[in-house]
Every structure is written in C-alpha cells, then in structure tokens.
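Shall we walk through a structure together? Have your viewer ready, and take the questions at your own pace.

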Amino acid sequence: MREPDASQPKESACAVETDLLLWWEDFYLPVFEYVLPQMGTLEGKKVLELGTGTGGTATLLAKQGASVVGIDLLPFRLDEAKERANRHKVANAVDFSLMDATQLAFPDNTFDFIISKSVLVFTEHVQTAKECYRVLKPDGKAIFMENMRNHPVVLLYRKLFLKYSRELHYFSLLDIEGIGKEFEEIEHREFHLLSLGALFWKRIIPIPIFYRWTLQFLKLIDKNLLRMFPVLKRFCWITAMICHKKA
Ligand SMILES: C[S@@+](CC[C@H](N)C(=O)[O-])C[C@H]1O[C@@H](n2cnc3c(N)ncnc32)[C@H](O)[C@@H]1O
C-alpha cells in the first residue's frame, strides 16, 4: 500500500467541512483525509460522483474548484442535492443527473476523477468498476469508499436492525482485489476496528468529551494494530480504494 504522494498539495485538498460528510462524519473524516490529498488540486478538474445522495461530497469537491456531476437513482435525493449545492453557492459547478452507476451515459475518457461513498454495496461491483474505468480519462482515478463485511459489531447490528442489509454486497478483501483487477493499479486502506467503541459515549451514555477522547485514542490504537497485524484489516468497518487508470 502506497502512502499519499508527498509532492501533492495537501492543505487545501484536506479542507473537509464535516457537515458535508452527511452522516457518521467523525468516522468518515479520516477516510476523506486519506483520499482527498490523492486528488491533488481540483481546480478545473472534472469529477463524477456515483450515488451522490443529498450531494454532500459533490458540494465539497465543487467548493474546492472541481466541476462535478453527481448521479443517483432517486429523484428526490437529487432535488435535495441541488438545494445543498445552491445553499453552498456552487450550483453552477455541479450538475445532478438521474443515472445508473452500472450504465453510465458518458463517452469514454470523460472524467479526471470518480468518487463514491457507500454506493457500490448497492451495485454490481465489477460492472460498476468497468464503467468507471471506461469513462475515466487516462491517468484518472476512481475512489470508492465502502462498507466492509466482517466487523463483528457492525455485522451484529446489521443482522438485528438493518433488514435490507441482506440485499447488499458488503466488501471483503477479495472483493477489493476484484475491483483492483479492473484497473492497472489499486491501493486501499481500511479504517475503524476498535474505534467504533467510542460510540458507547455517544449512543449509550452521551458524554461528548469522553466520546471525543475515546475516539482519538482508539483511532491511534487501530492505526498501530493494523500496521502490526495487517490480517485484521478484514475486520474493519470502512475501506477506501484508490484505483488508477494508467496513462
Ligand atoms: C447510502 S447512500 C449514500 C449517499 C451518499 N453517497 C452519501 O455518502 O451520503 C447510497 C446512494 O446510492 C444510490 N444508488 C444506489 N444504487 C445506485 C446505482 N445503481 N446508481 C446510482 N446510484 C445508486 C442510492 O439511491 C443512494 O442515494
């Protein structure tokens, strides 16, 4: 796994407004801090967001200078996304369109970047990856932030409370490998093993300061644990894949 390129401008690319990460923002923040520097300066770049939902990521990227197309299958989500882009004064930099991520209506070699968050679990992974490869420009990158399958607590939560989760295809390390085969290069990083334990102080006994401290502490433990025992990656909650279409 490669570390982000030190030559890339990180400061502006890392300016993540947490209200734009929509839900679970504390947990997605480190994921965005990993993926955004890999996109470098976004000024003048064309970005496609798959499954944009209410348009948080699309708006975030448009505010950093990208020209963004957000697609989704749900018209009411797209209306909410348009409103969000309007509120953030980037409506002229974002187009929202009703479209299926597995059948993209764009010519080959259109986008510099493609990004998605919690979307491929709903779609046929490999078909989606193939479409992304097709519409990416040479040297473009597709960035998929997805939910993994085997975190024991998340697994239990899904079984008990998320009936629809049975229909979804959560990621295993093998699935990540499958996505990688559609591109010349892939790197990926996994997040949140023990850090979910911090939710105790948010959901069960809400004490914000204990929550923040525990989250920081457990994130640090996770980082070291995963470095020492990479085999534990399969039990993480989130994976971020950076897929490169080589020039
Ligand atoms: C869990 S939501 C995530 C929304 C957004 N990416 C976010 O992080 O807030 C998944 C979104 O993917 C959309 N979606 C599911 N299957 C899709 C497909 N085949 N093509 C485009 N969008 C899809 C859903 O309509 C939904 O808005």
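The questions and answers below deal with this predicted model, beginning with its nonpolar core.

Q: Which helix or strand supplies the largest share of the largest nonpolar core?
A: The largest nonpolar core has 37 residues, and Val35, Met39 and Leu61 are among those that touch the most other members. Elements giving at least two residues each include α3 (56-63), β5 (136-147) and α2 (25-35). The largest share, six residues, comes from α2.

Q: How many residues are in the second, separate core?
A: This core includes Val135, Ile176, Leu193 and Leu226. Its size is 31 residues.

Q: What separates glutamate 80 and arginine 77 along their helix?
A: The two side chains meet in a salt bridge, at 3.3 Å from N to O. Glutamate 80 is partly exposed at 33% relative accessibility, and arginine 77 is partly exposed at 30%. Because they are three residues apart in helix α4, the separation is about one helical turn.

Q: Is aspartate 175 buried or exposed?
A: Aspartate 175 forms a salt bridge with arginine 149, with the closest N and O atoms 2.9 Å apart. The pair links distant parts of the chain, helix α7 and the loop between β5 and α6. The relative accessible area of aspartate 175 is 15%, and the cut-off is under 20%, so aspartate 175 is buried.

Q: Which residues form a nonpolar patch on the surface?
A: One member, leucine 156, lies in helix α6 (residues 152-161). Together the members have about 450 Å² of accessible area. They are Leu156, Tyr157, Leu160 and Phe161.

How values were computed:
Residues numbered from 1 in each chain as written. Predicted model: local features only at pLDDT ≥ 70, side-chain atom pairs only at ≥ 80, totals over all residues. Heavy atoms only, no water. Patch = residues over 30% accessible without salt bridge, like charges linked within 9 Å, V, L, I, M, F, W, Y side chains within 5 Å. Areas by Shrake-Rupley, 256 points an atom, 1.4 Å probe, with all protein chains shown as cover. Salt bridge = Lys/Arg side-chain N within 4 Å of Asp/Glu carboxyl O. Helix = DSSP H or I, 4+ residues; strand = E, 2+ residues; numbered from the N terminus. Core = buried A, V, L, I, M, F, W, Y, C linked by side-chain atoms within 4.5 Å. Buried < 20%, exposed > 50% of the residue type's maximum accessible area, 1.4 Å probe, protein only.
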